[in-house]
Amino acid sequence: NINNVEGVFISEPAAGEYIMRIRARNVVEDARVDTALIDQDFALVTSGNLAASGASVVVTDRSAYRAPDTIRLTVIDNDRAGSPSETVLVRSTTETFGELFTLTASGSSGTFTGSVATLTGPALTDGKLQVAHNDTIEVRYFDASNGSNQTVIVRADLVPPVITSVVATNEFGQTVITWTTDEPASSVVRYNTNSTLSNVFLNTGLTTEHSVAISGLISNQTYFFHVASTDEAGNSATNNNGGSLFSFVAPTVAKVLLVDAYNNDLFAAPDLSGWTTPLTQLGVSYEVWDTSVHQGSPTNLLPYQCVIWRLPEFLGTWTLSEQNTLSDYVRRGGSLFVASMEVLSRLDEGGFSSAKLGMLHVQSFIVDNDPNDVPDLIGTPSDPIGNGINLSLDYTPYDDPTGLKRSEERRVGKECRSRW
């Protein structure tokens with residue numbers, strides 16, 4: 001509602017024709033002086049692997065296939081709308097001449113679909129495609145309208161991924177299990193306190209560096225696990241430590257997570273011992289998450305009874321993702337303590353004013369109030385935190401936090417004495 005530039009990203013768009021409708025609201029600036037209405041010019045830009053106007057498109061459902069397997073094909077050719085079928089040539093490194101396969105119309109818009117079965121073995125003209133591991137598979141459609149071939153290239157993958165370097169480490173209230181594969185594959189961990197391994201974590205994203213964080217474990221309990229990965233073609237592999245299973249002992253979760261996000265501010269950060277020393281003196285266990293070291297903020301706060309979040313005094317505040325994480329944590333019963341002089345102002349400036357009430361439970365506040373407006377801090381009687389607090393607030397350290405004012409006064413004084 002506040003930006004004049006918006007964007008929509010579709011990570012895996014389905015093939016086909018898209019219709020886009022743009023709606024605007026709160027158009028308050030007149031950019032067209034030649035019309036009587038209040039309106040604005042706009043531009044609509046699309047980018048990506050887009051077909052040229054009038055060109056046909058050939059699509060497969062995956063980029064890698066096993067044998068036996070099924071390659072599902074789609075051809076989109078608007079110029080052939082109404083035709084009952086179209087033909088494609090499919091060939092592989094093993095079956096070099098390939099075979100023709102018929103795709104049938106799906107509706108009357110010019111979309112045609114069909115499938116091709118893959119098998120291993122010598123090339124045969126048998127209505128199937130023979131392949132071997134690492135074969136290149138080519139699907140070719142002749143577009144009669146412009147007299148050119150539209151081609152898509154995929155591959156045959158008949159070998160499952162190789163899983164190595166399985167490691168379990170305990171950090172920040174959870175156990176993180178990592179492993180590597182020699183090709184992009186999914187991540188699966190099966191675990192339990194016994195060999196049934198009835199608990200499952202699944203991440204279908206394909207990667208070679210796998211990392212799975214498991215929380216909600218029983219502290220100091222031994223867990224057993226194995227890992228598995230499936231590549232894009234559907235080949236699966238499991239590493240169960242030679243049948244013995246891997247194991248780890250669940251960590252004891254600290255009571256407090258101290259998130260230190262005080263970086264990139266105008267002034268040096270106060271020493272963190274101002275927070276850690278009192279926690280140590282009180283016998284409260286804690287862990288420190290430094291956002292500059294971990295390249296970002298934590299995404300799982302639920303293991304901790306309390307989160308202390310130290311923000312910069314003047315620059316920046318929470319991202320929308322961080323707000324969602326904190327809101328979910330508070331909504332589920334977590335305790336949140338925030339330290340920053342201007343976090344409420346920063347939330348307003350970023351367009352996140354609702355976070356003040358929904359996450360921090362702040363009804364209202366005064367911006368840049370005079371120190372005399374709040375001379376004392378008095379706790380609420382019988383409140384578990386505020387009871388017994390009664391003290392005067394000293395603002396003198398903030399009269400000139402940079403020291404520039406005093407330096408300027410000394411410099412001007414010296415100039416005056418030199419003139420006299």
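Start with the whole protein chain: it has 5 helices and 21 strands, where helices (H or I, at least four residues) and strands (E, at least two) are DSSP runs, numbered from the N terminus. You're looking at a predicted model, so local features need pLDDT of at least 70, side-chain atom pairs count only at pLDDT 80 or more, and totals for chains, interfaces and linings use all residues. Residues are numbered from 1 along each chain as its sequence is written, and side-chain values use heavy atoms, with hydrogens and water left out.

While everything is on screen, show the surface. The chain's accessible surface comes to about 26,300 Å², and 51% of that belongs to carbon and sulfur atoms (Shrake-Rupley method, 1.4 Å probe; for residues, only the protein chains shown count as cover). Of the 420 residues, 30% are buried; buried means under 20% relative accessible area, exposed over 50%, and partly exposed in between (1.4 Å probe, protein chains only).

**Stop 1: an open sheet**

Select 286-290 and 335-339. These are β17 and β19, the edge strands, each pairing on one side only. The sheet is open, with 4 parallel strands in the order β17-β16-β18-β19; two strands pair if DSSP finds at least two bridges between them. On average, neighbouring strands here are turned by 15° against each other, direction ignored.

Now add 256-260 and 306-310. Those are β16 and β18, which run parallel and are joined by 5 bridges. Pick L257 and you'll find V307 of β18 opposite.

**Stop 2: two helices on the sheet**

Show 273-281, helix α1, which lies across β16, β17, β18 and β19 and runs at about 165° to β17. Axes are lines fitted to C-alpha atoms, for helices over the stretch in contact, and angles run from 0 to 180 degrees between N-to-C directions. Then show 320-331: helix α2 lies across β18 and β19, at about 150° to β18.

**Stop 3: D157**

Jump to the loop between β9 (148-156) and β10 (163-171), where D157 sits. Is D157 buried or exposed? D157 counts as buried because its relative accessible area is 3%. Leaving out residues up to four places away in sequence, D157 touches A64, Y65, R66, H133, E183, D231, A233 and N235 (contact means heavy atoms within 4.5 Å).

**Stop 4: I389**

Finish in the loop between β20 (376-378) and β21 (390-392), home of I389. I389 has a relative accessible area of 32%, so this residue is partly exposed.
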